[in-house]
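Me: I'm new to reading protein structures and would like a close look at a single part of this one. Could you pick a sheet, go through it strand by strand, and then show me what surrounds it?

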Amino acid sequence: MSDMRLVVVGAGGRMGRMLVRTVHETPGAVLAGAVEREGSPFVGQDAGVLAGVGPLGVAVTTDPLPLFAEAEGVLDFSAPAATVEFAALAAQARIVHIVGTTGLEREHLAKLEAASRHATIVRSGNMSLGVNLLAALVKRAAQTLGPDFDIEIVEMHHRMKVDAPSGTALLLGEAAAAGRGIDLDTQSERGRDGITGARKEGAIGFASLRGGTVIGDHSVVFAGSGERITLSHHAEDRGLFSRGAVRAALWGRGRKPGLYSMMDVLGLADV
């Protein structure tokens, strides 16, 4: 089988450059295109040079449509509004769309759901193997420990991160809620401040810390009477996210259209 032709959007950013490097280094994958926004200083430059792997003969462009038409997949860690646009184009081209974008709201998710009728979409708040294994453990722990244990999720990221809680924290919250059989949207507490009163029974709490160059730390605390269990993951290299994204793309090749997660990719969906 020929190498899977992949397009990287946001190719000039930190994550985009990492994705270009990972595609270049991964057997079975090849860089077929690189996209940046209008006005980006990276437009016209060789994506491989930007990524530090040398010339690849792929110039950064602002027009994704012709690239998608000739590709088999797109790797997308952009912004919610851009991701929705890329999803529509991926559906039109009927290719694999890997979505690592965070900060997606209900309206964005609804549009991804619609696009998945024609595109194979793999979406996750975190593409790493370790985080998705952690989510499976969190789901099992929440199910096993029951409502007698309060659940608090603490995350820390670098000072430049613009959304909170992180996509990974929400992924872990969804896993905990699934284990408890509750709805996270109505059973979460965020941003406590002032006289808040006693903790709401059964709620899943979130705390977000920002500072320095932290790539991503996440802990899920199960606090019971006289004991605490903490499950944690610490990201030390952004490459773990790009490696997971490329792995997801290769997994999605030839798969029927639909909305999938990294749990599907890793065979953890039924855990």
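**A close look at one sheet**

Reply: Let's start with a single pair of residues: M156 has D217 as its bridge partner, and D217 sits in β10. Keep in mind that this is a predicted model.

Right beside that pair, E155 stands opposite H218, again in β10. These pairs belong to the match between strand β7, which covers residues 150-157, and strand β10, which covers residues 216-224. The two strands are antiparallel and share 7 bridges. If the word "antiparallel" is new to you, here's the background: strands in a sheet pair through backbone hydrogen bonds, and they can do so parallel or antiparallel.

Now zoom out a little. β7 and β10 are part of an open sheet of 5 strands, and reading across it you meet β8, β9, β7, β10 and β11 in that order, with mixed pairing. At the edges you find β8 (188-190) and β11 (227-235), each of them paired on one side only. From one strand to the next, the sheet twists by 20 degrees on average.

Where does the "mixed" part come from? Look at the two neighbours of β7 in the strand order, β9 and β10. You already know that β7 and β10 pair in the antiparallel sense. With strand β9 (residues 204-210), β7 pairs in the parallel sense, over 7 bridges. If you want a pair to click on there, try I151, whose bridge partner in β9 is I204.

Carry on across the sheet to β11. It runs antiparallel to β10, and 9 bridges join the two. One place to see this is V221, which stands opposite T230 in β11. The connection between these strands is worth a look too: β10 and β11 make a hairpin with 2 residues between them. In that turn, G226 has a positive phi of about 85 degrees.

So much for the strands; what lies across them? Helix α6, residues 129-145, lies across β7, β10 and β11. Its direction makes an angle of about 165 degrees with that of β11.

α6 also has a helix for company. Two packed helices are described by the angle between their axes and the distance between the axes. For α6 and helix α7 (residues 167-180), the angle is about 30 degrees and the axes are 7 Å apart. Angles under 35 degrees count as roughly parallel, which is why α6 and α7 get that label. The crossing of α6 past α7 is right-handed. On the α6 side, the contact uses V131, N132, L134, A135, V138, K139, A142 and Q143. From α7 come T168, L171, L172, A175, A176, A178, G179 and R180. Sort the residues of this contact by type and you get 10 nonpolar, 4 polar and 2 charged.

On the way from β7 to α7 there's a small detail to catch. P165 is found in the loop between them. The peptide bond joining A164 and P165 is cis, with omega at about -10 degrees.

What else is in the chain besides this sheet? There is also an open sheet of 7 strands with parallel pairing, in the order β3-β2-β1-β4-β5-β6-β12. Its edges are β3 (60-61) and β12 (258-260); each has a single partner strand, so one side of each has no neighbour in the sheet. At the β3 end, strand β2 (residues 29-35) runs parallel to β3, joined by 2 bridges. There, V35 stands opposite T61 of β3.

For a second helix pair, try helix α4 (residues 80-93) and helix α5 (residues 106-115), whose axes come within 9 Å and cross at roughly 10 degrees. That angle makes α4 and α5 roughly parallel to each other, therefore.

Finally, step right back. The protein chain has 9 helices and 12 strands. Its C-alpha trace spans about 60 × 40 × 30 Å along the principal axes. The radius of gyration of the chain is 19 Å, which agrees with the value near 18 Å that a compact globule of 271 residues would have.

Conventions:
Residues are numbered from 1 along each chain as its sequence is written. This is a predicted model: local features need pLDDT of at least 70, side-chain atom pairs count only at pLDDT 80 or more; totals for chains, interfaces and linings use all residues. Side-chain values use heavy atoms; hydrogens and water are left out. Two strands pair if DSSP finds at least two bridges between them. Helices (H or I, at least four residues) and strands (E, at least two) are DSSP runs, numbered from the N terminus. Axes are lines fitted to C-alpha atoms, for helices over the stretch in contact, and angles run from 0 to 180 degrees between N-to-C directions. Contact means heavy atoms within 4.5 Å. Angles under 35 degrees count as roughly parallel, over 145 as roughly antiparallel, 65 to 115 as roughly perpendicular and the rest as oblique. A crossing is left-handed if the near helix is turned anticlockwise from the far one by less than a right angle, and right-handed if clockwise. Ala, Val, Leu, Ile, Met, Phe, Trp, Tyr, Cys and Pro count as nonpolar, Asp, Glu, Lys and Arg as charged, and the others, Gly among them, as polar. The radius of gyration is taken over C-alpha atoms; the globule rule is 2.2 Å times the number of residues to the power 0.38.
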